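Please look through the structure shown here with a first-year student in mind, and work through some questions about it step by step.

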Amino acid sequence: MDENQTECSRCGSCCANGGPALHIQDKELIEGGAIPISHLITIRKGELVHNPVTNSLQAAKNELIKINGVGKEWSCFYFDPDQKGCIIYDRRPLACQALECWDTEAVEQIIEKDLLSRADLIKEDDPLYQAVAEHELNFPCPDLESIIKLGCPSQSRELEDAANREVVFRTELVSTHGLSLGDELFYFGRPLFHLLISVGARVRESTGRLLVDWPSR
Ligand code: SF4
Ligand code: SF4
């Protein structure tokens, strides 16, 4: 970054690094249809997230909702790489409006404050309301920071079992409710086995079951 920078040069780097977390102030964008839920992903409490201020990974203290990413680089869904611009610029979320990469003061004011969660968006009459609660109860995010420290979780077999049961749980709901992958990622976040892969597990399938190994064990 140029230390003399005082305005956005529209380089696109911030958007190419992933979608923003949404705030309560962004709720209308979703309820008004500017951003459909199928373009969102739920990051559950405990999942590892990138802190743009410290530039490090840390466990999310609370659930958050982000705009989903695309491609290998996980660029924001609304980033147009050809134009290096935002295709919803006039309706971009609060965090995008606050981000000035040359001066993080404004974004630091809102980071981890008034974050949107599924509880703000999923109404009690939603057919998946109960399923979301059941999923949280039975398949919480494991302590990923401890797994990184230990290299292998003490309850590795229990986690493998939970990852398999969660796949069955999701598959049934996807089939019953005709969910797209985007819908699924909003309602239930990333699958447990993806979270385990993100902290070093090796996952393969054998005879219809996921087998989870820990190479560093
Ligand atoms: S705010 Fe984003 S698009 Fe603008 S100069 Fe900084 S990194 Fe590039
Ligand atoms: S919503 Fe728009 S401004 Fe915000 S990160 Fe995505 S592409 Fe960039």
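The questions below go from the ligands to one residue and then to the domains.

This is a predicted model, in which local features need pLDDT of at least 70 and side-chain atom pairs count only at pLDDT 80 or more, while totals for chains, interfaces and linings use all residues. Residues are numbered from 1 along each chain as its sequence is written, and chains are lettered from A and ligands numbered from 1 in the order in which they are written.

Q: How many nonpolar residues does the shell around ligand 1 have?
A: A residue is near a molecule if its C-beta atom, placed from the backbone, lies within 6 Å of it, and the residues around ligand 1 include C8, C11, C14, L99 and C101. Ala, Val, Leu, Ile, Met, Phe, Trp, Tyr, Cys and Pro count as nonpolar, Asp, Glu, Lys and Arg as charged, and the others, Gly among them, as polar. Beside three polar and two charged residues, the nonpolar ones in this shell number five.

Q: Is C101 buried, exposed or partly exposed?
A: A residue is buried if 20 or more other C-beta atoms, placed from the backbone, lie within 10 Å of its own, exposed if 12 or fewer, and partly exposed in between. Because C101 has 14 C-beta neighbours inside 10 Å, this residue counts as partly exposed.

Q: What distance separates the C-alpha centres of domain 1 and domain 2?
A: The bounds, from an automatic or database domain assignment, are 13-119 for domain 1 and 122-213 for domain 2. Between their C-alpha centres the distance is 22 Å.
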